[in-house]
Amino acid sequence: MNLPPYDKFPNLSGDNILLREIQYSDIKDIVEISRYDAIPAKNVAEAAIMQERINQNYKDGNSIHWGIADKSNNAIVGTCGYYRGLEKGEGELGCILLPQFVGQGYMTAAMQLAIRFGLNDIGLKRIFAITTRQNDKAIRLLERLGFVKIADLEDDEIEYELA
Ligand SMILES: CC(C)(COP(=O)(O)OP(=O)(O)OC[C@H]1O[C@@H](n2cnc3c(N)ncnc32)[C@H](O)[C@@H]1OP(=O)(O)O)[C@@H](O)C(=O)NCCC(=O)NCCS
């Protein structure tokens, strides 16, 4: 297992996207998709505090959170990362796109990079994701990536695992 933090933040490069560290200057653009423990940020100040907590979690080895940047202009279109389970050799993948970037294939490409990093570089034994039964887009995304449903959880949640 090769847990964070790393000497250098792991930027992951794809054809059209770069998974990179979130900079302070990005925060104003991602307030709408900033969350911590499932609680959304209401403004830039709250999103900045959340980002500090996320950075601390990375330093503590508990998570990796990437901004997904479009290589054409370096603007953030969404975020994804591993948020729980690393200490057990497992990674819970989470992700969210800014609404204007849904339906263009950004997240499939981003998750493929994150999955490859999780398996090859962190050495994860299991990658999973939790969503709700009603979240058709997330379910389509996960199944496209090769996840299969493994459990019905409480509160309409379902667990998917990379097969
Ligand atoms: C879940 C979520 C990330 C999925 O976003 P998405 O845009 O559907 O996923 P992608 O970026 O991979 O885009 C794939 C879609 O774009 C379409 N698409 C259009 N042009 C495309 C292209 N050039 N390349 C690939 N796909 C393209 C695909 O057909 C697909 O649409 P479909 O699912 O209707 O068939 C998004 O709905 C979201 O942010 N939801 C809120 C947070 C959330 O639920 N997170 C999930 C937690 S597990």
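This is a guided tour of the model, stop by stop, from the sheet to the ligand and the loops.

**Before you start**

The model is predicted: local features need pLDDT of at least 70, side-chain atom pairs count only at pLDDT 80 or more, and totals for chains, interfaces and linings use all residues. Residues are numbered from 1 along each chain as its sequence is written. Helices (H or I, at least four residues) and strands (E, at least two) are DSSP runs, numbered from the N terminus.

**Stop 1: the sheet**

Show the strands. Eight of them make an open sheet with mixed pairing, in the order β1-β2-β5-β6-β7-β8-β10-β9. Two strands pair if DSSP finds at least two bridges between them. Now pick the edges: β1 (12-13) and β9 (147-152) each pair on one side only.

**Stop 2: β5 and its two partners**

Select β5, residues 64-70. Five of its seven residues are buried, so the strand is mostly covered. Here buried means 20 or more other C-beta atoms within 10 Å of a residue's own, exposed means 12 or fewer, and partly exposed lies in between; C-beta atoms are placed from the backbone.

Add β2 (17-20). β2 and β5 are antiparallel, with four bridges. Click Ile 17: its bridge partner in β5 is Asp 70.

Turn to β6 (76-82). Six bridges tie β5 to β6, again in the antiparallel sense. His 65 faces Gly 81 of β6 as its opposite number. The two strands form a hairpin with five residues between them. Stop at Asn 74 in that turn, where phi is positive, about 65 degrees.

**Stop 3: across β7**

Move on to β7 (90-97). β6 and β7 pair antiparallel over five bridges. Cys 80 and Cys 95 of β7 stand opposite each other. On the β8 side the direction changes: three bridges join β7 to β8, and these strands run parallel. Glu 92 is opposite Phe 128 in β8.

**Stop 4: α3 and the core**

Bring in α3 (106-122). This helix lies across β1, β2, β5, β6, β7, β8 and β10. α3 runs at about 160 degrees to β7. Axes are lines fitted to C-alpha atoms, for helices over the stretch in contact, and angles run from 0 to 180 degrees between N-to-C directions.

Which residues touch the most other members of the largest nonpolar core? Select Ile 68, Cys 80, Leu 93, Ala 110 and Ala 114, out of 34 residues in that core. α3 contributes the most, seven residues. A nonpolar core is a set of buried Ala, Val, Leu, Ile, Met, Phe, Trp, Tyr and Cys residues joined through C-beta atoms within 7 Å.

Centre on Cys 80. Beyond its neighbours within four places in sequence, Cys 80 is in contact with Trp 66, Ile 68, Leu 93, Gly 94, Cys 95, Ala 110, Met 111 and Ala 114. Contact means C-beta atoms, placed from the backbone, within 7 Å.

**Stop 5: the ligand**

Select the ligand. Its shell has 18 residues, and the closest are Gly 105, Met 107, Thr 108, Lys 137 and Ala 138. A residue is near the molecule if its C-beta atom, placed from the backbone, lies within 6 Å of it. β7, α3, β8 (126-132) and α4 (136-144) each supply at least two shell residues. By class there are nine nonpolar, seven polar and two charged residues. Ala, Val, Leu, Ile, Met, Phe, Trp, Tyr, Cys and Pro count as nonpolar, Asp, Glu, Lys and Arg as charged, and the others, Gly among them, as polar.

**Stop 6: the β6-β7 loop**

Go to Gly 85, in the loop between β6 and β7. Gly 85 counts as partly exposed because 18 C-beta neighbours lie inside 10 Å. Outside its neighbours within four places in sequence, its contacts are Glu 90, Gly 91 and Glu 92. Measure to Leu 124: the C-alpha atoms are separated by 9.5 Å, though the residues are 39 apart along the chain.

**Stop 7: backbone oddities**

Most residues other than glycine have a negative phi, and most peptide bonds are trans. Find β9 and β10 (157-162), which run antiparallel over five bridges. Phe 147 has Leu 162 as its bridge partner in β10.

In the loop between these strands sits Asp 155, with a positive phi of about 55 degrees. Asp 155 is exposed because it has 6 C-beta neighbours inside 10 Å. Asp 156 shares the β9-β10 loop, and its phi is near 65 degrees. Asp 156 is also exposed, with 11 other C-beta atoms within 10 Å.

Finish before β1, at Pro 5. The peptide bond from Pro 4 to Pro 5 is cis, with omega near 0 degrees.

Key
Contact = placed C-beta atoms within 7 Å.
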